[in-house]
Amino acid sequence: MTGTLFKANFWSSDILSTAGYDSIIQHLNNGRKNCKEFEDFLKERASIEEKYGKDLLNLSRKKPCGQLEINTLKQALEVFKKQVDSVAQCHIQLAQTLRDEARKMEEFREKQKLQRKKTELIMDAAHKQRSLQFKKTMDAKKTYVQKCRDKDEAEQAVHRSANVVNPRQQEKLFVKLATSKTAVEDSDKAYMMHINTLDKVREDWQIEHIKACEMFEAQECERINFFRNALWLHMNQLSQQCVTSDEMYEEVRKSLEACSIEKDIEYFVNQQKTGQTPPARIVYENFYCPQKNTAPQGKAPGPNLPRRGPLPVPKSLPDNPDYSLIDNYSLIYQ
């Protein structure tokens with residue numbers, strides 16, 4: 001950057017005009033506003049990252065996620081929860097990093113503001129001095145023009161009174177003419193003095209204007225470079241966050257690769273198995289015809305307990321002592 005673009009392109013033919021200077025100042029104010037907007041953007045993004053990180057942290061630490069799982073899949077879930085926790089911490093750290101970047105932008109803005117203030121004070125004084133001297137010069141010119149007109153009128157009056165025989169009146173006219181000539185000479189000197197002073201003020205202002213343009217252009221180059229680098233760094237930080245998160249998620253993927261369906265099944269069986277012998281079939285047992293020497297499958301044979309034999313078919317024979325008769329209501333004892 002040559003640093004000559006501002007000082008070569010922000011002039012005006014009107015000596016009192018500040019259009020070029022005002023245009024540069026407006027542009028610099030816009031640039032400062034843009035930096036403030038980006039600074040606020042970083043702060044807001046930091047708040048979002050922090051909230052997301054804390055919410056993710058609470059989710060990771062407080063929300064159950066496969067807590068009853070076992071063996072290799074349980075190990076993978078533990079890695080998963082750990083890495084989600086780490087990702088949350090990274091987002092919280094990113095929030096602090098963004099706040100640091102916002103603070104740097106704020107410091108940069110304030111630094112440029114202070115640098116500009118010195119130059120602006122000098123230029124404001126130069127503009128004020130130029131305007132004041134221009135007014136004095138125009139007033140001196142107005143006085144000079146009026147005195148010249150007064151002298152011309154006095155000369156015309158003298159010519160008109162050439163045939164007037166009143167010497168006293170002629171003498172007054174000559175005195176007025178002489179006085180007007182002296183006034184013209186004095187006003188002319190004052191006018192010339194103010195013209196020279198104005199030219200000196202103009203030259204001083206022009207020098208300060210060039211210095212200001214060079215300073216403002218250098219400052220604007222610095223601002224654009226700083227803003228560009230800040231935005232670039234911001235993108236790098238977000239990209240790094242994605243890379244870091246992906247690396248953490250890769251750890252989860254690796255742990256899932258180590259997850260074995262067969263091992264988890266075997267682990268469950270070994271830890272929770274209840275036996276290898278299924279229950280025997282339930283056989284039919286006739287109440288009247290017990291099966292001898294028959295034990296249900298899957299049970300150890302127990303002692304041979306006597307069973308009550310089947311009751312004989314009742315017959316209504318009054319002479320048979322084995323049966324009780326309803327009529328006599330007798331009891332039989334075995």
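Helices (H or I, at least four residues) and strands (E, at least two) are DSSP runs, numbered from the N terminus. The model is predicted, so local features need pLDDT of at least 70 and side-chain atom pairs count only at pLDDT 80 or more, while totals for chains, interfaces and linings use all residues. Residue numbers start from 1 along each chain as its sequence is written, and side-chain values use heavy atoms, with hydrogens and water left out.

**Exercise 1. Work out the fold layout.**

Step 1: count the elements. The protein has five helices and zero strands.

Step 2: read them in order. Starting at the N terminus, you get α-α-α-α-α.

Step 3: check the contacts (heavy atoms within 4.5 Å). Among those in the protein with a separation of 6 or more, 82% join residues 24 or more positions apart.

**Exercise 2. Find the largest cavity and describe its lining.**

Step 1: set up the search. On a 1 Å grid over the protein atoms alone, a cavity is a set of points where a 1.4 Å probe fits but cannot get out, and lining residues have an atom within 4 Å of a point. Points are joined across faces, edges and corners, and the volume is the space filled by probe spheres set on the points.

Step 2: run it over the whole structure. One cavity of 30 Å³ or more turns up, and the largest cavity holds about 50 Å³ of space.

Step 3: list the lining. You should find Leu28, Arg32, Gln112, Lys113, Arg116, Gln219, Glu220 and Arg223.

Step 4: assign helices. At least two lining residues come from each of α2 (19-62), α3 (71-160) and α4 (167-257).

Step 5: sort by character. Take Ala, Val, Leu, Ile, Met, Phe, Trp, Tyr, Cys and Pro as nonpolar, Asp, Glu, Lys and Arg as charged, and the others, Gly among them, as polar. That gives one nonpolar, two polar and five charged residues in the lining.

**Exercise 3. Place two threonines, and say whether each is buried or exposed.**

Step 1: fix the scale. Buried means under 20% relative accessible area, exposed over 50%, and partly exposed in between (1.4 Å probe, protein chains only). Of the 334 residues of the protein, 26% count as buried.

Step 2: take threonine 137, in helix α3. Its relative accessible area is 0%, so threonine 137 is buried. Leaving aside neighbours within four places in sequence, threonine 137 is in contact with Tyr191, His194, Ile195 and Leu198.

Step 3: take threonine 244, in helix α4. At 16% relative accessible area, threonine 244 is buried. Threonine 244 and cysteine 90 sit 154 residues apart in sequence, yet 8.1 Å apart in space, C-alpha to C-alpha.

Notes. On a 1 Å grid over the protein atoms alone, a cavity is a set of points where a 1.4 Å probe fits but cannot get out, and a pocket is an open set with protein on both sides within 12 Å along at least five of seven lines; lining residues have an atom within 4 Å of a point.
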